[in-house]
Amino acid sequence: MRNCPECGGVMVYERTSKLYSCTSCGTAMNAQELLETTERVKSEREKVEKAKRWKDEYLDWWLSSKERS
Ligand SMILES: [Zn+2]
């Protein structure tokens, strides 16, 4: 079973149209598009996570340097 890259809902495969369609948001795409979109969303999410982590680390550093002075 696949999950919708847009909303995380359940994707169902429709044999007639050969498309995966989301039961939650209605997004429909073929297997190739689904794969590409999933990869794109995943890498975007990782980028955001990385930026967030960096910000947290900076904040920690900033707070601890403030405590020291
Ligand atoms: Zn969806």
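Cys22 is buried in this predicted model, with a relative accessibility of 5%; buried denotes under 20% relative accessible area, exposed over 50%, and partly exposed the range in between (1.4 Å probe, protein chains only). Cys7, by contrast, is partly exposed. The pair links distant parts of the chain, 15 residues apart. Helices (H or I, at least four residues) and strands (E, at least two) are DSSP runs, numbered from the N terminus.

| Residue | Relative accessible area | Location |
|---|---|---|
| Cys7 | 41% | loop between strand S1 (2-3) and strand S2 (10-14) |
| Cys22 | 5% | strand S3 (residues 19-22) |

Both residues serve the zinc ion, whose protein donors are the SG atoms of Cys4, Cys7, Cys22 and Cys25, at 2.3 Å. Donors are N, O and S atoms within 2.8 Å of the metal (3.2 Å for Na, K and Ca); water is not among the atoms, so sites may look incomplete. Along the chain, the donors follow the spacing C-x2-C-x14-C-x2-C. The site is tetrahedral, with angles of 102 to 115° among its four donor atoms; four donors earn that term if all angles lie between 85 and 135 degrees.

The protein comprises one helix and four strands, in the order β-β-β-β-α. The C-alpha atoms fill a box of roughly 70 × 20 × 15 Å along the principal axes. Buried residues account for 17% of the 69 residues.

Residues are numbered from 1 along each chain as its sequence is written. In this predicted model, local features need pLDDT of at least 70, side-chain atom pairs count only at pLDDT 80 or more, and totals for chains, interfaces and linings use all residues, while side-chain values use heavy atoms, with hydrogens and water left out.

Terms used
Tetrahedral: all angles 85-135°; square planar, octahedral: opposite > 155°, others 65-115°.
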